Amino acid sequence: MPALSDLLAFVGATVVLLLIPGPAVIYMLNRTLSDGRRVGLAAVAGLEVGDTIQATLAAVGLSAVLATSARAFDTVKWLGVAYLVWTGVRTLLTRPGSLVADDSHVPVAAAFRQGILVNALNPKTGLFFLSIFPQFVDRDAGHVSLQLMVLGCIFAVMALLSDGTWAVVAGTAREWLSGNPKRLVTMRAIGGIVMVLLGLAILVTAPRP
C-alpha cells in the first residue's frame, strides 16, 4: 500500500485534475445535454471502464519498467513531471470543446460503449496515468504493482463520483451549462494553472534520482 501521505497527496491532485473539463467531461456533458441524465450516467460508466483499462495497462507497464531498472523508473517519473507541466500550459492555451444540446437520442448502450472508447483508446489518458502514478509510489516500500493498482482504483472511484456529479448537474441545469460556455473556460483555466503548479511542486520537493 502507498503511504498515507502519498495517498492524501494523490487524492488532492486527482480532485484538481478531475475538475478540468477535458474530452471525457465534454463528451459526457454533450450526451447528458442531448439525451438526458440516464444516457449521461451510462456514458459515465463507460468512461470509468475505459479509465480502469488504461490504469491497469499503466500499472503493468510501470511495474515492468521498475523490474528492468530503478533508474528507468526515475526517468519515467521526471518525464511525467514535464508532461504535467506541458499539459497544464496547453490547457491554459486551449479552449474546451463546445457543448451541444441537439436531439441525437443516443441509446443507453451506445453511450456506454462510446464512453469506453473515449478513454480506453485515448493515448492522452494513458500518458496521464504514466505521468501521475510514479509521483505517488514509494519504490522502497516494495509491492509497486499493488501500489499502482490501489492508485488506479482510487482514481476510478473518484472519477466516477466526479463525472457522475457532472451528469446529474447537467441533467438538471441544461440551460445553465449550454447557455454560458465561459464557465467551462474559467474552470479549465484554473485547472491548468493548478496542474502546472503541481508539476513544479513535484520538481522542487521530490528527491533527485
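## Overall organisation

Among contacts in the protein chain between residues at least 6 apart in sequence, 87% join residues at least 24 apart. The model described here is predicted. The protein chain contains 9 helices and 0 strands, and from the N terminus on its elements run α-α-α-α-α-α-α-α-α. The protein chain has 209 residues, of which 48% count as buried.

## Nonpolar cores

The largest nonpolar core comprises 23 residues. Phe10, Phe129, Ile132, Phe133, Leu148, Leu151 and Phe155 have the most contacts inside this core. At least two of its residues come from each of helix H1 (4-18), helix H3 (37-68), helix H6 (123-132) and helix H7 (144-172). H7 gives the most to this core, supplying 7 residues.

A second core, separate from the largest one, has 16 residues. Val39, Ala110, Ala111 and Trp166 are included in this second core.

## Helix H1

Helix H1 is built from 15 residues, and the distance from its first C-alpha to its last is 21 Å, close to the 21 Å expected at 1.5 Å a residue. The buried residues in H1 are Leu7, Phe10, Ala13, Thr14, Leu17 and Leu18. These residues lie on the same side of H1 because they cover an arc of only 130° around the axis.

The face of H1 turned away from this buried side carries the exposed residues Leu4, Ser5 and Leu8.

## Helix H2

Helix H2 covers residues 23-35. H2 has 13 residues and reaches 18 Å from its first C-alpha to its last, which is close to the 18 Å expected at 1.5 Å a residue. Of the 13 residues of H2, 12 are buried, so this helix is largely enclosed by the rest of the structure.

The buried residues of H2 include the nonpolar Ala24, Val25, Ile26, Met28, Leu29 and Leu33. Tyr27, Asn30, Arg31, Thr32, Ser34 and Asp35 of H2 are buried as well. Just after H2, Gly36 takes a positive phi of about 100°.

## Packing against helix H7

Two packed helices are described by the angle between their axes and the distance between the axes. For H1 and H7, the axes come within 10 Å and cross at roughly 35°, and the crossing is right-handed. On the H1 side, the contact is made by Leu7, Phe10, Val11, Thr14, Val15 and Leu18. On the H7 side, the contact is made by Val150, Leu151, Ile154, Phe155, Met158, Ala159, Ser162 and Trp166.

The axes of H2 and H7 come within 9 Å and cross at roughly 35°. H2 also passes H7 in a right-handed crossing. Here H2 contributes Val25, Met28, Leu29, Thr32 and Leu33 to the contact, while H7 contributes Asp163, Trp166, Ala167, Ala170 and Gly171. Trp166 of H7 thus appears in the contact with H1 and in the contact with H2.

## Ile154 as a point of contact

Ile154 is located in helix H7. Ile154 is partly exposed, with a relative accessible area of 23%. A residue counts as buried under 20% relative accessible area, so the 23% of Ile154 does not meet that cut-off.

Not counting residues up to four places away in sequence, Ile154 touches Leu7, Phe10 and Val11. Ile154 and Thr14 are 140 residues apart in sequence, yet 9.1 Å apart in space, C-alpha to C-alpha.

Notes: Residues are numbered from 1 along each chain as its sequence is written. This is a predicted model: local features need pLDDT of at least 70, side-chain atom pairs count only at pLDDT 80 or more; totals for chains, interfaces and linings use all residues. Side-chain values use heavy atoms; hydrogens and water are left out. A nonpolar core is a set of buried Ala, Val, Leu, Ile, Met, Phe, Trp, Tyr and Cys residues joined through side-chain atoms within 4.5 Å. Buried means under 20% relative accessible area, exposed over 50%, partly exposed in between (1.4 Å probe, protein chains only). Helices (H or I, at least four residues) and strands (E, at least two) are DSSP runs, numbered from the N terminus. The expected span of a helix is 1.5 Å times one less than its number of residues. The arc is that of the directions from the helix axis to the C-beta atoms. Axes are lines fitted to C-alpha atoms, for helices over the stretch in contact, and angles run from 0 to 180 degrees between N-to-C directions. A crossing is left-handed if the near helix is turned anticlockwise from the far one by less than a right angle, and right-handed if clockwise. Contact means heavy atoms within 4.5 Å.
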